[in-house]
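This briefing sets out selected features of the model shown below. The points are grouped by topic and are intended to be read alongside the sequence and coordinates.

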Amino acid sequence: MFGTAKNKAASTYPQPASSPQGKARGPVSAEIMGPRLALLLCTLALLLIGFVMVYSASSIAAIDEGVSHASYLVKQLGFAVVGIAACLVVWKLVPYYAWMGPLVWIVWGTTVFLLILTAAIGTVGLGAQRWVNIGPVSLQPAEFAKIAFILMAARILFDFRNGTLGPRAVFVHVFVLIVLPLGLLYLTQSDLGTTLICAAGILMVMWLGEVPLKVVVATLVAGLVLALIASTVGYRQDRFIFFNPWSDHYGAGYQLIHSFYAFSEGGLFGVGLGNSREKYLYLPEAETDFIFAIIGEELGLIGALGVIALFLVFLVAGMRIARTAPDNLGTMIAGSFTAMVVFQAFLNIGCVIGVLPTTGKPLPFISSGGSSLIASMIMLGLILSVSQASSAPSIYEQRRADLRVVRAEPPHPPGQRKAAQSRSQSPAGASGRADGRTRSKRPSSGNGPRDRR
């Protein structure tokens, strides 16, 4: 049913080397280290921009709420610390092929449980029931569902290529483990944005997993039809106001109009960092969903294009990591998570500039919000985990490195071979060989005994 996999695809779960992330083989090639460094530097730049812009966009709202003007920034820094720690654990301690074992079931089961818990006792915010409180911590499970569903999709496709699952079992697994949870997410949380992001990641898994093009296209068309139907039901009809937001200036079009005001004020170089006018409670959700509008106002077109360029470099670097992955499983994991992060970024940007209906999804690494930032950092760790395995020697290189040459002799003709064997068995022959070794190690000189005689 599906096409033939690359030669990369292994017949069993890949094990690049004996250690969790393989043994180092000396200096890492530029083909592997270059994309890894580019990915890290892009993420660092996006995080720093996020810290600055979260503080700038949220300071007035924080004062209005009666808390410290830096309260949003302090929370974002705390979330960043947790996210960086999670990224390092996934990158350095969890090899990417470990997700094809029991670990992926634990992550998937925990995520589905949290989705059910959110539907049952979740808290409502901004008109949707998408958060669940676990002690003092408030989580948005939909952000972590993106990770679980992509890993499960890669697992199913990889098992099919290994022959573990047949075609019928693949359809059953996809329906039970991916389609039903996505339906639960959409119906209980009314979260079309996250559903679209998950669908984009799953399509990327299919593409990189070399599913036939006709199957990918059919899935894409079916998804677009369902998304179009869902967007025309209920309150989502109001989101098509992006075609003409001034038709409802003080209603559905209010937020988008003030986003336009922010960009128009920013011009080419911006009004200056911290000098936004729209953040004075004119633009709703200025520090989260519409933070890109504040970037455009304060940093201008140059700053906005700089953020877009960083996400494009992130895309190129992540895809190069996917290309150099040790096997097709690594390619699917690195490529799909890279595409998911960048797809969400451009979905957010498209909503803010008015070319797409508003979905309420944050800008990765930049928008204020703990669940989104931590989930994005975990995705980064998964991509880097594949890159780490790419720099380790393969099992064949490790075997070649473990070889030791004991002795090598030129082949003898049949007659000479018998003579050599007879000499080696006689004492004189053994003595001659010994003398030969001595003479070869200690060459005679003019002061030797033979010269003295």
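Strand β2, residues 128–134, is joined to β3 by three bridges, and the two strands run antiparallel. The model described here is predicted. The topics that follow are the sheet, the salt bridges, the backbone at two loop residues, and the enclosed and open spaces.

**The sheet**

- Strands β1, β2 and β3 form an open sheet of three strands in the order β1-β2-β3, with antiparallel pairing.
- At the edges of this sheet lie β1 (123–125) and β3 (137–139), each of which pairs on one side only.
- From one strand to the next, the twist averages 40°.
- Within the β2 and β3 pairing, N133 has S138 of β3 as its bridge partner.
- In general, the strands of a sheet pair through backbone hydrogen bonds, in either a parallel or an antiparallel manner.

**Salt bridges**

- The whole structure contains five salt bridges, including the three described here.
- R155 is bridged to D159, with 2.8 Å between the closest N and O atoms.
- Both of these residues belong to helix α4, where R155 and D159 are four residues apart, about one turn of the helix.
- R155 and D159 are both buried.
- K361 forms a salt bridge with D191, and the closest N and O atoms are 3.3 Å apart.
- This pair links distant parts of the chain, 170 residues apart: K361 is in the loop between α10 and α11 (370–390), and D191 is in the loop between α5 and α6.
- Are K361 and D191 buried or exposed? K361 has a relative accessible area of 3% and is therefore buried, and D191, at 0%, is buried as well; the cut-off for this class is under 20%.
- R277 forms a salt bridge with E265, the closest N and O atoms being 3.1 Å apart.
- Because R277 lies in the loop between α8 (254–266) and α9 (291–323) while E265 lies in helix α8, the pair ties together parts that are twelve residues apart in sequence.
- R277 is partly exposed, with a relative accessible area of 47%, and E265 is likewise partly exposed, with a value of 40%.

**Positive phi in two loops**

- Most residues other than glycine have a negative phi.
- E210 has a phi near 65°, a positive value in a residue other than glycine.
- The position of E210 is in the loop between α6 and α7.
- With a relative accessible area of 23%, E210 is partly exposed.
- F365 also has a positive phi, of about 70°, although it is not a glycine.
- The loop between α10 and α11 holds F365.
- F365 counts as buried because its relative accessibility is 2%, and buried means under 20%.

**The cavity**

- How many cavities of 30 Å³ or more are there? The count comes to one.
- The largest cavity holds about 50 Å³ of space.
- Its lining consists of D289, F290, N348, C351, V352, T358, T359, G360 and K361.
- By class, the residues lining the largest cavity are three nonpolar, four polar and two charged.
- K361 thus appears in two settings: K361 is part of the lining of the largest cavity, and K361 is also the salt-bridge partner of D191.

**The second largest pocket**

- The second largest pocket contains about 1500 Å³ of space.
- Its lining comprises 47 residues, of which T195, A199, T219, A222 and G223 lie nearest the centre of the pocket.
- Which helix gives the most to the lining of the second largest pocket? Helix α7 does, with 14 residues.
- At least two residues of this lining come from each of α4 (141–162), α5 (167–189), α6 (192–208), α7 (213–231) and α10 (328–352).
- The lining of the second largest pocket divides by class into 38 nonpolar, seven polar and two charged residues.
- Helix α4 therefore has two roles in this account, because α4 supplies at least two residues of the pocket lining and R155 and D159, which are joined by a salt bridge, both lie in α4.

Notes:
Residues are numbered from 1 along each chain as its sequence is written. This is a predicted model: local features need pLDDT of at least 70, side-chain atom pairs count only at pLDDT 80 or more; totals for chains, interfaces and linings use all residues. Side-chain values use heavy atoms; hydrogens and water are left out. On a 1 Å grid over the protein atoms alone, a cavity is a set of points where a 1.4 Å probe fits but cannot get out, and a pocket is an open set with protein on both sides within 12 Å along at least five of seven lines; lining residues have an atom within 4 Å of a point. Grid points are joined across faces, edges and corners, and a volume is the space filled by probe spheres set on the points. Ala, Val, Leu, Ile, Met, Phe, Trp, Tyr, Cys and Pro count as nonpolar, Asp, Glu, Lys and Arg as charged, and the others, Gly among them, as polar. A salt bridge is a side-chain nitrogen of Lys or Arg within 4 Å of a carboxyl oxygen of Asp or Glu. Buried means under 20% relative accessible area, exposed over 50%, partly exposed in between (1.4 Å probe, protein chains only). Two strands pair if DSSP finds at least two bridges between them. Axes are lines fitted to C-alpha atoms, for helices over the stretch in contact, and angles run from 0 to 180 degrees between N-to-C directions.
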